[in-house]
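Trainee: I would like a close look at a single part of this protein, set in the context of the whole. Please take it slowly and keep to what the model shows.

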Amino acid sequence: MNEQETYVVKSKEVLNPTKLTDYIQFCKLRLSTLVVFSAVISYFTVNEAATDWNRVITLIIGGFLVTCSSNGFNQIIERDVDKLMTRTMNRPLPQGRMSVAEALVLACVMGVLGIFILTYFINPLSGILGLSALISYAAIYTPLKRVTPFAVFIGAFPGAIPPFLGSVAATDGFGTITFSAGVLFAIQFLWQFPHFWAIAWVMHDDYKKGGFHLLPSLAGRDKSSAFQNLVYTLCLIPVSLSPILFGMCGTIGGIIILIAGILFCYQSYILYKECTIKAAQQLMFGSFIYLPVVQLAILIG
């Protein structure tokens, strides 16, 4: 029995998947939760009126459904590729525990319901942003992943929409994209490059099995990829500090953001210096911490 077959057998024995766990995998629950967290934090950051908790709850539900739908369509499109990669081979579609028809119905229902909730219970612009994120992620970014590393740039747009969505949810009428929303969008947009490239570095061999080449250099794990990663991480420092200039954040928040940025850059420098999977793993985990820390610092600072 080879390594891949052993992995599948052990995964089945340990997980013993039920329909509920299949749906959780299909929706990528942890990722969807992080996306919604970003939108909610942005709502509180830009909201200047009394908190409308009904709107917050609606934002959570609608945003969660749209994100789950996007993740679902992603898995439908990549179901054959997922069979080839160790990280994804145990998902419900590659394993045949969920049919394509069932997956399509589930993804469509979640997407339509989520967009309806955002549009009807919050404002039309929220619905438009949710629809834009879904289409650009599922119909543009997902197919491009097997064509060009430029897909990471394309994917950064839907990936940075949650701050827009949260900010727009805090406005009335049709909905308004404020300058503050643009600042929060820029931070999350830039953050995605070191975040995703760190993941791509760690998973590079597995990604190659599926025909994905997502590191910026054609050579893969080399100094060029690490250098580009470092450049984006350095650029993230002034962008993440810009809320101070625009009155969105105070001194305490700025200090927290600066410290977080320096530590994040140090991790990126270590990757450039060593070009190891271990350094990329440290950067990857650092990226998971960095973004919520910065967002919370802007909120409370």
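Among contacts in the protein between residues at least 6 apart in sequence, what percentage join residues at least 24 apart? And, with that as background, please take me closely through the loop between helix 5 and helix 6, where methionine 98 is found.

Mentor: This is a predicted model, so everything below is computed from predicted coordinates. To your opening question, the figure is 74%, for contacts in the protein between residues at least 6 apart in sequence.

The overall setting comes next. The protein has 14 helices and 0 strands. Its C-alpha trace spans about 60 × 50 × 35 Å along the principal axes. The radius of gyration is 20 Å, which agrees with a compact globule because a chain of 301 residues would then be expected near 19 Å. Buried residues account for 50% of the 301. The exposed surface comes to about 14000 Å², with carbon and sulfur atoms supplying 69% of it.

Now to the loop itself. Methionine 98 sits between helix 5 (79-82) and helix 6 (100-121). Its relative accessible area is 3%, so methionine 98 counts as buried, the cut-off being under 20%. Leaving out residues up to four places away in sequence, methionine 98 touches Asp22, Tyr23, Phe26, Pro92, Leu93 and Ala103. For a sense of distance across the model, the C-alpha atoms of methionine 98 and phenylalanine 227 are 41 Å apart, with their positions 129 residues apart along the chain.

Two of those partners deserve a closer look: aspartate 22 and phenylalanine 26. Start with aspartate 22, whose side chain meets that of arginine 97 in a salt bridge, at 2.8 Å from N to O. This pair links distant parts of the chain, since arginine 97 is in the loop between helix 5 and helix 6 while aspartate 22 is in helix 2 (residues 19-27), 75 residues away. The two ends differ in exposure. Aspartate 22 is buried, at 3% relative accessibility, whereas arginine 97 is partly exposed, at 22%. Methionine 98 also has aspartate 22 among its contacts.

The salt bridge at arginine 97 can be set beside others, the count by this rule being 8. One of them joins arginine 55 and aspartate 172, with the closest N and O atoms 3.5 Å apart. That pair also links distant parts of the chain: arginine 55 lies in helix 4 (residues 53-77) and aspartate 172 in the loop between helix 9 (161-169) and helix 10, 117 residues apart. Here arginine 55 is buried, at 14% relative accessibility, and aspartate 172 is exposed, at 60%. Another salt bridge runs from lysine 83 to aspartate 80, with the closest N and O atoms 3.9 Å apart. Lysine 83 is partly exposed, at 45% relative accessibility.

Phenylalanine 26 is the second partner to follow. Setting aside neighbours within four places in sequence, phenylalanine 26 is in contact with Met98 and with residues including Cys68, Asn71, Gln75, Pro92, Leu93, Ala103 and Met110. Pro92, Leu93 and Ala103 also appear among the contacts of methionine 98. Phe26 is, with Leu59 and Tyr207, one of the residues that touch the most other members of the largest nonpolar core, which has 79 residues. Helix 10 (residues 179-202) gives the largest share of this core, 16 residues. In soluble globular proteins, nonpolar side chains tend to be buried together.

Just beyond helix 2 comes another feature of the backbone. Lysine 28, in the loop between helix 2 and helix 3, has a phi near 50°, a positive value in a residue other than glycine. Most residues other than glycine have a negative phi. Lysine 28 counts as buried, at 17% relative accessibility. Cysteine 275 also has a positive phi, near 55°, and lies in the loop between helix 13 (251-274) and helix 14. Cysteine 275 is partly exposed, at 23% relative accessibility.

The surface offers a counterpart to the core. Leu34, Phe285, Phe288 and Ile289 form a nonpolar patch there, with about 420 Å² of accessible area together. Helix 14 (residues 277-300) gives the most to this patch, with 3 residues. Leucine 34 belongs to helix 3 (residues 29-46) and is partly exposed, at 48% relative accessibility.

Methods:
Residues are numbered from 1 along each chain as its sequence is written. This is a predicted model: local features need pLDDT of at least 70, side-chain atom pairs count only at pLDDT 80 or more; totals for chains, interfaces and linings use all residues. Side-chain values use heavy atoms; hydrogens and water are left out. A nonpolar core is a set of buried Ala, Val, Leu, Ile, Met, Phe, Trp, Tyr and Cys residues joined through side-chain atoms within 4.5 Å. Buried means under 20% relative accessible area, exposed over 50%, partly exposed in between (1.4 Å probe, protein chains only). Helices (H or I, at least four residues) and strands (E, at least two) are DSSP runs, numbered from the N terminus. Contact means heavy atoms within 4.5 Å. A salt bridge is a side-chain nitrogen of Lys or Arg within 4 Å of a carboxyl oxygen of Asp or Glu. Patches are made of residues with over 30% relative accessible area and no salt bridge: like charges are joined within 9 Å, nonpolar side chains (Val, Leu, Ile, Met, Phe, Trp, Tyr) within 5 Å. Accessible areas come from the Shrake-Rupley method with a 1.4 Å probe; for residues, only the protein chains shown count as cover. The radius of gyration is taken over C-alpha atoms; the globule rule is 2.2 Å times the number of residues to the power 0.38.
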